[in-house]
Amino acid sequence: MKRLSLGALRGRARVHAVRGGVHPKDNKALSAECPIEPIPLSGLLRVPLQQHIGAEAEPVVAKGDRVAKGQVLAIGRRAVSAAVHAPTSGRVIAIGRFVAPHPSGLPVATITLRPDGEDRWADLPSPLDPNTATPDALAERVAASGIVGMGGATFPSAVKLDLRNRFPLDTLVINAAECEPYLTCDDRLLRERAAAVADGILCMARALTVDKVIVAIESNKPQAAAAMRKAVANLPLDARVIVVPTRYPMGSEKHLVQALTGRETPARALTAEIGLVVHNPATAYAVHRAVRHGEPLISRILTVSGRAVARPANIEVPIGTPIADILAHCGGTLGEPARLLLGGPMMGLPVPSTRAPVVKGTNGILALSAAECRRDEAMPCIRCGTCVTVCPSGLTPLELNARIRNEELDGAVRIGLLDCISCGSCSYVCPSNIPLIQSFNYAKGKLAAQQRVKHQQEETKRLAQQREVRLERIAAAKMEALKRRKAEMAAKKAKAKAQEGAKAAAPLETAS
Ligand code: SF4
Ligand code: SF4
């Protein structure tokens, strides 16, 4: 492959300096030349109702129902949620809790589908033209199609497209950095389906009512950058590809925006607050399928890699396919993997069970050999400060860890725990092999659980107060009715008395 200078790769666009970051061995060569391939349908598909950030979807089918491919299985509830659809035609054989790739590690409400082998589509909505459809119509189509951020964040995409109603936006950024080692599914998508991704970008730009688009790609993917440059050249938008340096975590939304524009997003704020919305290229591809073809999000492309898998690959997988079936499709594992991960090695989560299904946010399955994993014992902190140097969020990981170890969670929050993006750079460089990222994830999980309990207590208090107000209202209404009845009775009595008086007076009047 011809090597290009960074200047040429950047296409003369200025890339701004960002804080921190590391250069882990990218190991992308294992799968980068593996074209996207299909996988045979599994005997059972398990479709979790919680594949996104926000409220769990609500089932609209029952056990025993026959469903068609693309049919809605569950609808999104509340403002932040996402619908889920049947990945193929078949019969619903169960609705219940099942192991799933969820950060909580707990089983998730799941619809189990037995495919009938016909792969028969439901009636799909008509195609939309992004140049004539209204922004609301485009966002509604994205919502109805159950599309979520497919880079792993899984935030419902329609909610992000609606940000135009809350903030003045000027730019759509397509985050194709794919900075996690091993993962190459976005690289392959851009190389093989650049025109469809570019069309999805047009749909999203129209929905956001912005004309400026930046497609950001790391310098280790020159073919993807070339394919996207060609694809966006004909868009009726001010769209360009900017090649950013290969440095982890360049794909972190806020850092990418800073590298591209020099604009810094305030802590705990959205990039939309400084005018930019960031989407993943796989999300753009899903939007293209939904807008132009009416197809909901029922499959995704993911990378299977690591030296403990027999045949690394990039595969287009129906949502709900068991991880075991995907590994089997790739020739199985070479012995017991030292680590089996969903996602990349820096931010990925352990596979809870190979029976768990692939969900909308699953961008990789890694089977890592012992040689690929660091297994040294954790040693005491030597206060070398390396973790501080690499932290892209400007935190002091050693201090955060010290507070968490002492169960001083409030103290950890005060020094920025909630600004930690869980990138794992600090753990990666720590010479004492301290599991810093596990410590931060533990603390964040504990805080989230405390928050949930607090929320439940507040909800219980609110309901109790509502009940008290209701009972007071009922008592006041009863009192009012009693008063009214008394007044009516008194009036009746007075009337009767008056009538009796009138009767008594009548003979006297006649006699006179
Ligand atoms: S890198 Fe590790 S040893 Fe060095 S200061 Fe940070 S926590 Fe301590
Ligand atoms: S995991 Fe958190 S603390 Fe560690 S480098 Fe990343 S952002 Fe900083």
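1. In this note a residue is called buried when its relative accessible area is under 20%, exposed when that area is over 50%, and partly exposed in between. The model under review is a predicted one. By this criterion, helix α7 has the buried residues H255, L256, V257, Q258, A259 and L260. They pack against four strands, namely β9 (171-176), β10 (212-218), β11 and β12. Immediately after α7 comes G262, whose phi is positive at about 80 degrees.

2. The loop that precedes α7 deserves attention. It runs between β11 (238-244) and α7 (253-261) and contains P249. The peptide bond leading from Y248 to P249 is cis, its omega being near 0 degrees. As background, most peptide bonds are trans.

3. Two residues should be checked for their backbone angles. Most residues other than glycine have a negative phi. R268, which is not a glycine, has a positive phi of about 60 degrees. The other case is S422, also a residue other than glycine, with a positive phi near 55 degrees. R268 is placed in the loop between α7 and β12 (276-279), while S422 belongs to the loop between α12 (409-414) and α13. Are these residues buried or exposed? R268 counts as exposed, because its relative accessibility is 55%; S422 is buried, because its relative accessible area is 15%.

4. The structure encloses two cavities of 30 Å³ or more. The largest holds about 90 Å³ of space. It is lined by 15 residues, and C391, C420, C423, C426 and F440 are the closest to its centre. Three helices, α11 (397-405), α13 (425-429) and α14 (436-511), each contribute at least two residues to this lining. By class, the lining of the largest cavity comprises eleven nonpolar residues, four polar residues and no charged ones.

5. The second largest cavity has about 60 Å³ of space. Its lining consists of V18, R19, G20, G21, R247, Y248, P249, M250, H255 and P392. These divide into five nonpolar, three polar and two charged residues. Several features described above meet here: Y248 and P249, both in this lining, are joined by the cis peptide bond, and H255, also in the lining, is among the buried residues of α7.

6. What surrounds ligand 1? The residues around it are C381, I382, R383, C384, G385, C387, L398, C430, P431, S432 and I434. Sorted by class, this shell has eight nonpolar, two polar and one charged residues.

7. On the cysteines, how many disulfides does a search of the whole structure find? The search finds zero. C34, for instance, is in no disulfide, and the nearest cysteine sulfur, in C330, lies 8.9 Å away. C34 counts as buried, because its relative accessibility is 17%. For C179, the closest cysteine sulfur is that of C423, at 9.0 Å, and this is too far for a bond because a disulfide requires the two sulfur atoms to be within 2.5 Å. C179 is likewise buried, with a relative accessible area of 13%. C423, named here as the partner in that distance, is also one of the residues closest to the centre of the largest cavity.

8. S157 is a further point of interest. This serine is in helix α3 (residues 157-161) and counts as buried, because its relative accessibility is 1%. Apart from neighbours within four places in sequence, S157 is in contact with V142, I147, V148, G149, H279 and T283.

9. S81 is the last residue to be reviewed. It is found in the loop between β5 (72-75) and β6 (84-85). Is S81 buried or exposed? At 10% relative accessibility, S81 counts as buried. Not counting residues up to four places away in sequence, S81 touches H52, A55, E56, A57, G76 and P156. The C-alpha atoms of S81 and V159 are separated by 8.8 Å, although the two residues are 78 residues apart along the chain.

How values were computed:
Residues numbered from 1 in each chain as written. Chains lettered and ligands numbered in written order. Predicted model: local features only at pLDDT ≥ 70, side-chain atom pairs only at ≥ 80, totals over all residues. Heavy atoms only, no water. Near = heavy atom within 4 Å. Nonpolar A, V, L, I, M, F, W, Y, C, P; charged D, E, K, R; others polar. 1 Å grid on protein atoms, 1.4 Å probe; cavity = no way out; pocket = protein on both sides within 12 Å on 5 of 7 lines; lining within 4 Å. Points joined across faces, edges and corners; volume = space filled by probe spheres on them. Buried < 20%, exposed > 50% of the residue type's maximum accessible area, 1.4 Å probe, protein only. Contact = heavy atoms within 4.5 Å.
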